[in-house]
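Reader: I have a structure open and want to go through it with you. Short answers are fine.

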Amino acid sequence: SPEIHGTVLFGIKDTIEIEGGLEYWILQDSLDAEEFSASYAILTGGIRLHPSSAIHLDAGLGLYRSDFEWETDAIKVDEAEAKPGVYGGLGIELGALDIKARAHAPDFDDFYIGASLTFLFDLSNLFEG
């Protein structure tokens, strides 16, 4: 399923950043449904600590929203819910690449682990004249 992901980092000190993120998945139809629409969105905010120049530890809060709507001959589902949760992870920055793995607990009970590869760029360079 395709995903759109954006992260904003704001440095407080050399080793601490405040981060915010938005992830959105357009989920693919794996049910052979006649009508299918599903998405999953995560809004996160937290702290990123850099114990070394390349390694970072992440932790924060999130809002996890799922929307599902599909219909087959036997079943019709129309469901949406939003849950608060937490996340924590570990990452490595290699130049402009950020490789990270995070554990998400969208309902403070169950959890899943996701991994991502992100290209980082400095927005302040866009506004310099």
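Reader: Start with Thr118: buried or exposed?

Author: Thr118 counts as buried, because its relative accessibility is 17% and the cut-off for buried is under 20%. Keep in mind that this is a predicted model.

Reader: Where does Thr118 lie?

Author: Thr118 lies in strand E7, which covers residues 112-119.

Reader: And which residues does Thr118 touch, not counting residues up to four places away in sequence?

Author: Ala96, Leu97, Asp98 and Lys100 are the ones Thr118 touches on that count.

Reader: Predicted, fine. What pLDDT does the protein average?

Author: The average pLDDT is 87, and 92% of the residues score at least 70.

Reader: Where is confidence lowest, and where highest?

Author: Confidence is lowest in strand E1, residues 3-13, with a mean of 86. The highest is strand E6, residues 97-105, at 95.

Reader: Changing topic. How many helices and strands?

Author: There are zero helices and seven strands. Along the sequence the pattern reads β-β-β-β-β-β-β.

Reader: Compact globule or more spread out?

Author: More spread out: the radius of gyration is 18 Å, well over the 14 Å that the globule rule gives for 129 residues, so the protein does not match a compact globule. Along the principal axes, the C-alpha atoms fill a box of roughly 55 × 40 × 20 Å.

Reader: What percentage of the residues count as buried?

Author: Of the 129 residues, 26% count as buried. The protein exposes about 8,600 Å², and carbon and sulfur atoms supply 61% of that area.

Reader: What about contacts between residues at least 6 apart in sequence: what share join residues at least 24 apart?

Author: That share is 40%.

Reader: Electrostatics next. How many salt bridges does the count come to?

Author: The count comes to ten salt bridges. In general, side chains of opposite charge can pair when their charged atoms come close.

Reader: Take Arg48 and Glu19. What is the N to O distance in their salt bridge?

Author: The side chains of Arg48 and Glu19 meet at 3.3 Å, N to O. Arg48 lies in strand E3 (residues 35-49) and Glu19 in strand E2 (residues 16-26), so the salt bridge ties together parts that are 29 residues apart in sequence. Both Arg48 and Glu19 are buried.

Reader: Which Asp does Arg48 also meet in a salt bridge?

Author: Asp58, with an N to O distance of 3.3 Å. Arg48 is in strand E3 and Asp58 in strand E4 (residues 55-71), so this pair links parts that are ten residues apart in sequence.

Reader: Are those two buried or exposed?

Author: Arg48 is buried, at a relative accessible area of 0%. Asp58 counts as buried too, at 4% relative accessibility.

Reader: And how far apart are the closest N and O atoms of Arg102 and Asp58?

Author: They are 3.1 Å apart, and Arg102 and Asp58 form a salt bridge. Since Arg102 lies in strand E6 and Asp58 in strand E4, the pair ties together parts that are 44 residues apart in sequence. Arg102 is buried, with a relative accessible area of 6%.

Reader: Which residues do salt bridges that share partners join into one network?

Author: Glu19, Arg48, Asp58, Glu93, Asp98, Lys100 and Arg102 are joined into one network that way. Asp98 and Lys100 came up earlier, among the residues that Thr118 touches.

How values were computed. Residues are numbered from 1 along each chain as its sequence is written. This is a predicted model: local features need pLDDT of at least 70, side-chain atom pairs count only at pLDDT 80 or more; totals for chains, interfaces and linings use all residues. Side-chain values use heavy atoms; hydrogens and water are left out. pLDDT is the predictor's confidence in each residue, from 0 to 100. Helices (H or I, at least four residues) and strands (E, at least two) are DSSP runs, numbered from the N terminus. A salt bridge is a side-chain nitrogen of Lys or Arg within 4 Å of a carboxyl oxygen of Asp or Glu. Buried means under 20% relative accessible area, exposed over 50%, partly exposed in between (1.4 Å probe, protein chains only). The radius of gyration is taken over C-alpha atoms; the globule rule is 2.2 Å times the number of residues to the power 0.38. Contact means heavy atoms within 4.5 Å. Accessible areas come from the Shrake-Rupley method with a 1.4 Å probe; for residues, only the protein chains shown count as cover.
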